[in-house]
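Got your viewer ready? Let's take a walk through this one, one selection at a time.

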Amino acid sequence: MGTIGFPVTRTSRSLVAPSSETPRETLRLSVIDRVAGLRHLVRSLHVFDGRRSSNNGGELEAPAPSSPAKTLREALGKALVDYYPFAGRFVAEEDGEVRVACTAEGAWFVEAAAACTLEEVKHLDHPMLIPKEDLLPDPAPGVEPLDMPLMMQVTEFACGGFVVGLISVHTIADGLGAGQFINAVADYARGLPKPRVPPVWSRDAIPAPSQIVSPPPRFELFDLRYFTVDLSPDHIAKVKSAFHEATGQRCSAFDVCVAKTWQSRARALRLAADAPVHVCFFANTRHLVPQVAAPPQGGGFYGNCFYTVQATRPCGEVAGAGVVEVVRAIREAKARLAVDFARWAAGGFEKDPYMLTFTYDSLFVSDWTRLGFLEADYGWGTPAHVVPFSYHPFMAVAVIGAPPVPKQGARVMTMCVTEEHLPEFQDQMNAFAAGN
């Protein structure tokens, strides 16, 4: 049940199998898929106001039934034919390697109802008035959650709106891959005969350089505090313009958000001026893998295909520089991507870049604006709000997302500082958001 006044009742729980026959096989994962740190659950909520959109790009071939839950359940079964590994289970083979057993057992699907309107709970804007645990699927009985690639809950609200709660295992797909799968479900929900982007498995296309056997990562747990702030499009544009004037180059809204969050955090931590501080993010590398960049029939690779990009500077430099200089440091790190990835693919590394070190002087950034979730349309229009929960107590994280419709700009959601450093971090980020 939910909070008093806003109860959520789960009305149905079941496995959704592929709607027609799929191959029964055990598939090998790529060397990136098998990174130990990726064996975790990714949770998110996708809020739809329930108003049928009049413009579906001419792709709405049949009217959706009145129930979003019924529509999504049926569409999920169809999408699991194309993406049949999502209907399987992770298994550990005798050699210790994790693989996907394509058993067609199905994804876990929960239907629920909320006794309120989305307006009454502010469309799940922060702070949320319904606990996320009520809107995310509860685990399937008898199955370890990390062995099931996908779980979904559709909660219907009294206003006709609905929330899709997703839990997936990062091992099966990166953010772009998960977004591609969700859009395949949306394509079927809108009546299309097949997904617009056909899936490509091709995990053997990912380079597999001889690995240095690294010990499992050691996790130090931090008592991190949540803080979120919205940055206006005008202020982001102002920084982008300043960067262009200073360098003659362009930068992205992501660069601006990362730079200011990194700088605000460096100022809050107040480390010694020469103490290094790091910012890390994960860059898509599909364009750097030939078989993935140009697969047959224009399909879409949905496995993990990214590389760690890291910028390191002395704390005093990051804290004291103008924001343009911090953006420049981010851009310089991104510019090394192709060379660094090629060197890794050829085995030219001393320390495996996928074996990450989670220390308090490192900020990890995740970008949720370009994954495809904001474009998913099940027949009721695109989501009014997407709420990611990419937080772990052992890593300082900032998630770049979008504020709820109709607000424009960027939303920076963080769990990256302890209570001691929170007031200064808040002041720095709020000052930036205010244009100071």
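Before we start, one bit of vocabulary: contact means heavy atoms within 4.5 Å. Also keep in mind that you're looking at a predicted model.

**Stop 1: the sheet.** Select β10, β17, β16, β14, β11 and β13. These 6 strands make an open sheet in that order, and the pairing is mixed. Now pick out β10 (224-231) and β13 (306-314): they stand at the edges with a single partner strand each, so one side of each has no neighbour in the sheet. Going from one strand to the next, the twist averages 20°.

**Stop 2: an edge, up close.** Keep β10 and add β17, residues 410-418. The two pair in the antiparallel sense, over 8 bridges. Want a particular pair to zoom in on? Try Leu231, whose bridge partner in β17 is Ala410.

**Stop 3: across the sheet.** Bring the sheet back and show α5, residues 253-269. Which strands does α5 lie across? They are β10, β11 (276-284), β13, β14 (362-367), β16 (396-401) and β17. Line up your view with β14 and you'll see α5 running at about 155° to that strand.

**Stop 4: two helices crossing.** Leave α5 on and add α4, residues 233-247. Two packed helices are described by the angle between their axes and the distance between the axes. Here the axes come within 9 Å and cross at roughly 95°. Angles of 65 to 115 degrees count as roughly perpendicular, and α4 and α5 are therefore roughly perpendicular to each other. For the contact itself, show side chains for Ile236, Val239 and Lys240 in α4, which meet Ala253, Val256 and Cys257 in α5. That set divides into 5 nonpolar residues, no polar ones and 1 charged.

**Stop 5: helix α8.** Next, select residues 323-335, which form α8. At 1.5 Å a residue, its 13 residues should span 18 Å, and the end C-alpha atoms are indeed 18 Å apart, so the two agree. Colour Val324, Val326, Val327, Ala329, Ile330 and Ala333: these are the buried residues of α8. What do they pack against? Turn on α4, α5, β11, β13, α7 (315-320) and α9 (337-345) to see their partners.

**Stop 6: helix α3.** Last, jump to residues 175-189, helix α3. Is α3 mostly covered or mostly open? Covered: 13 of its 15 residues are buried. Its expected span of 21 Å, at 1.5 Å a residue, agrees with the 21 Å between its end C-alpha atoms. Finish on Gly191, which follows α3 and has a positive phi, near 95°.

Methods. Residues are numbered from 1 along each chain as its sequence is written. This is a predicted model: local features need pLDDT of at least 70, side-chain atom pairs count only at pLDDT 80 or more; totals for chains, interfaces and linings use all residues. Side-chain values use heavy atoms; hydrogens and water are left out. Axes are lines fitted to C-alpha atoms, for helices over the stretch in contact, and angles run from 0 to 180 degrees between N-to-C directions. Helices (H or I, at least four residues) and strands (E, at least two) are DSSP runs, numbered from the N terminus. Angles under 35 degrees count as roughly parallel, over 145 as roughly antiparallel, 65 to 115 as roughly perpendicular and the rest as oblique. Ala, Val, Leu, Ile, Met, Phe, Trp, Tyr, Cys and Pro count as nonpolar, Asp, Glu, Lys and Arg as charged, and the others, Gly among them, as polar. Two strands pair if DSSP finds at least two bridges between them. The expected span of a helix is 1.5 Å times one less than its number of residues. Buried means under 20% relative accessible area, exposed over 50%, partly exposed in between (1.4 Å probe, protein chains only).
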